[in-house]
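Student: I've got a model open and I'd like to know how the labels on it are earned. Can we go through them together?

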Amino acid sequence: AGSICIHDVRKAGKSWKPLVEINEHSKSINAAVVSEDGHFCVSVSLDNTVRTWTNFTDPSVKPSCEVMRRDNHTGRWLCTFKPTFDPKFPS
């Protein structure tokens, strides 16, 4: 299953554990990106979903998620679907 792990790189070391781990995708994740303001995370998975996460940085709160169905099986010779944020429209 696919997981999104948020780490604090300032605390990297042998026992480096994620601050937050999200295990909502049922298959592997192609890509994930966090918005510049840190309020959103978008993930794309082979389970044919695009998920937009909010409240994902606080380990004491369950992240909220909006799911959009999409065929992410693009074929052998095409690039995988990757999320991006438009800086002109941050939200």
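Tutor: Sure, let's take the labels in turn, keeping in mind that this is a predicted model.

Student: What makes arginine 10 and aspartate 8 a salt bridge?

Tutor: Their closest N and O atoms are 2.9 Å apart. The cut-off is within 4 Å, so the pair qualifies.

Student: And why is arginine 10 called exposed?

Tutor: Its relative accessibility is 73%. Exposed means over 50%, so the label fits. Aspartate 8 comes out at 12%, and because buried means under 20%, aspartate 8 is buried.

Student: How do you know that glutamate 24 and lysine 62 form a salt bridge?

Tutor: Same kind of check: the closest N and O atoms are 3.9 Å apart, and the limit is within 4 Å, so they count. This pair links distant parts of the chain, with their positions 38 residues apart in the numbering. Glutamate 24 belongs to strand S2, residues 20–25, while lysine 62 sits in the loop between strand S5 (49–54) and strand S6 (64–69).

Student: Why is glutamate 24 called partly exposed?

Tutor: At 37%, glutamate 24 falls between the 20% and 50% cut-offs, so partly exposed is the right term. Lysine 62 has 64%, which is over 50%, so lysine 62 counts as exposed.

Student: How many salt bridges does a search of the whole structure find?

Tutor: Three. One of them joins arginine 51 to aspartate 47, with closest N and O atoms 3.8 Å apart. Both arginine 51 and aspartate 47 are buried.

Student: What about cysteines: how do you know that cysteine 41 is in no disulfide?

Tutor: The nearest cysteine sulfur, on cysteine 65, is 9.6 Å away. A disulfide needs the sulfur atoms within 2.5 Å, so cysteine 41 is ruled out. The structure holds zero disulfides.

Student: Is cysteine 41 buried or exposed?

Tutor: Buried: its relative accessible area is 2%, and the label applies because that is under 20%. Cysteine 5 has 35%, so cysteine 5 is partly exposed, being between 20% and 50%.

Student: Zooming out, what pattern does the protein follow along the sequence?

Tutor: β-β-β-β-β-β, with six strands and zero helices. Of its 91 residues, 24% count as buried.

Student: What share of the accessible surface belongs to carbon and sulfur atoms?

Tutor: That's 54%, out of about 6700 Å².

Key. Residues numbered from 1 in each chain as written. Predicted model: local features only at pLDDT ≥ 70, side-chain atom pairs only at ≥ 80, totals over all residues. Heavy atoms only, no water. Salt bridge = Lys/Arg side-chain N within 4 Å of Asp/Glu carboxyl O. Buried < 20%, exposed > 50% of the residue type's maximum accessible area, 1.4 Å probe, protein only. Helix = DSSP H or I, 4+ residues; strand = E, 2+ residues; numbered from the N terminus. Areas by Shrake-Rupley, 256 points an atom, 1.4 Å probe, with all protein chains shown as cover.
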